[in-house]
Amino acid sequence: MGKKGFILLMLLVSLLVFSSTVSAKSKTQTENGNQNKNAAGIRKESKNTIDVLVAGDSLSYSSVSPLGLWNQYGITSYVCGQPGQMLSETYETLKLAFKTQKPRLVLFETNVLFRKLDKKNEKKDLMSKLYVREDSKGFKLRDGVRPYREGAYMKKTEKKEKMPEQVETYMEKILKLCRRHGAGLVLVSTPSPKNYNYQKHNTLQEYAEKKSLTYLDMNLITKGLKIDWKTDTMDQGDHLNLSGAKKVTEYLGKYLKNEFGLSDHRDEALYKTWKRMAKEYTRKEQEMLKQMQAIIGKEKMKS
């Protein structure tokens, strides 16, 4: 073989190696068509150590704090939520998470069930959605305070809000997926005046009964949760801030413990990293809550 032929051969080999590397990387990044950063984060958790997976849109990662659940009850959980998540994305996210975890429960934040599926982009790149990943098991600490002042929003009615087409189709796929992996599916509506009303509650309650699912609507128990809409929302009733999420998480932990008997792992050697992370999280949480109280105090003085 001449010199030119050898050079061409080496170039061809290099191209083949490069192509194989890119293909492998692409497969890893887009497995199941899913590039959600939180879904990628769950893959970094030690195998089969998560008892509760939390799925949904931004309400999920604004309301449920895994390290808060750990501090209070020793429950291991992870939030796989993403902004504006569609039901097709929930399904793909869970498929990815189940590859390395065997959770006892999947908590599904229900706001997704009223979001219209984009048929053209059901398999779109999930990483195209902005998500700032915190090292808090998928939970995002939010310190903003913008009160909700529009009064009662869960006004009892017999009316129902229709769910978009294809919702039940994808929910069947999610139900089968959870059953196949031995995980119970629990529907949860976290407090949000902007996203929930009694019409949606009626629809969700009916669906849960039809499918024999547990449904917890926390919008009906905001007084019991001691939610204060003057201080516990970051954006006028759309999402909870840290103080609101802390209240929801404390209630949710007690609920999960009582209703499902989840294990307390705080004294188990396998979870040493959780203890270290929880200590740092508590420090950040206390510091942020103190800052929020200072802001609230100044606003009260102005009014």
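This is a short dialogue on reading the sheet and helices of a predicted model.

Trainee: Where do I start with the sheet? In what order do the strands stand?

Mentor: Start with the general idea. Strands of a sheet pair through backbone hydrogen bonds, either parallel or antiparallel. Here five strands form an open sheet, ordered β2-β1-β3-β4-β5, and the pairing is parallel.

Trainee: Which strands stand at the edges?

Mentor: β2 (77–79) and β5 (214–217) do. Each has a single partner strand, so one side of each lacks a neighbour in the sheet. On average, neighbouring strands of this sheet are turned by 20° against each other, direction ignored.

Trainee: Now β3. Which strands does it pair with, and over how many bridges?

Mentor: Strand β1 (residues 52–55) pairs with β3 in the parallel sense, over four bridges. In that pair, V54 stands opposite L107 of β3. Strand β4 (residues 184–189) also runs parallel to β3, and five bridges join the two. Look at V106, which stands opposite L185 in β4. L105 stands opposite G184 in β4.

Trainee: How do I read the two faces of a strand?

Mentor: In a regular strand the side chains alternate between the two faces of the sheet. Now take β3. L105, L107 and E109 lie on one side, V106 and F108 on the other.

Trainee: Are those residues buried or exposed?

Mentor: They are all buried, so both faces of β3 are covered. Here buried means under 20% relative accessible area.

Trainee: What packs on the sheet?

Mentor: Helix α9 (residues 242–260) does, touching β1, β3, β4 and β5. Its direction makes about 155° with that of β5. Helix α7 (residues 198–210) lies across β4 and β5 and runs at about 160° to β5.

Trainee: How do I read a helix pair? At what angle do α5 and α6 cross?

Mentor: Compare the axes. Those of α5 (residues 87–97) and α6 (residues 167–180) come within 9 Å and cross at roughly 10°. Angles under 35 degrees count as roughly parallel, and α5 and α6 are therefore roughly parallel to each other. The contact includes Y91 and L94 of α5 and Y170 and I174 of α6. Its residues divide into eight nonpolar, two polar and two charged.

Trainee: And how do α4 and α10 cross?

Mentor: The axes of α4 (residues 66–73) and α10 (residues 272–302) come within 10 Å and cross at roughly 105°. That makes α4 roughly perpendicular to α10. Among the residues that meet are W70 in α4 and Y281 in α10. By class, this contact has seven nonpolar, three polar and one charged residues.

Definitions and conventions:
Residues numbered from 1 in each chain as written. Predicted model: local features only at pLDDT ≥ 70, side-chain atom pairs only at ≥ 80, totals over all residues. Heavy atoms only, no water. Buried < 20%, exposed > 50% of the residue type's maximum accessible area, 1.4 Å probe, protein only. Pairing = 2+ DSSP bridges. Axes fitted to C-alpha atoms, helices over the stretch in contact; angles between N-to-C directions. Parallel < 35°, antiparallel > 145°, perpendicular 65-115°, else oblique. Contact = heavy atoms within 4.5 Å. Nonpolar A, V, L, I, M, F, W, Y, C, P; charged D, E, K, R; others polar.
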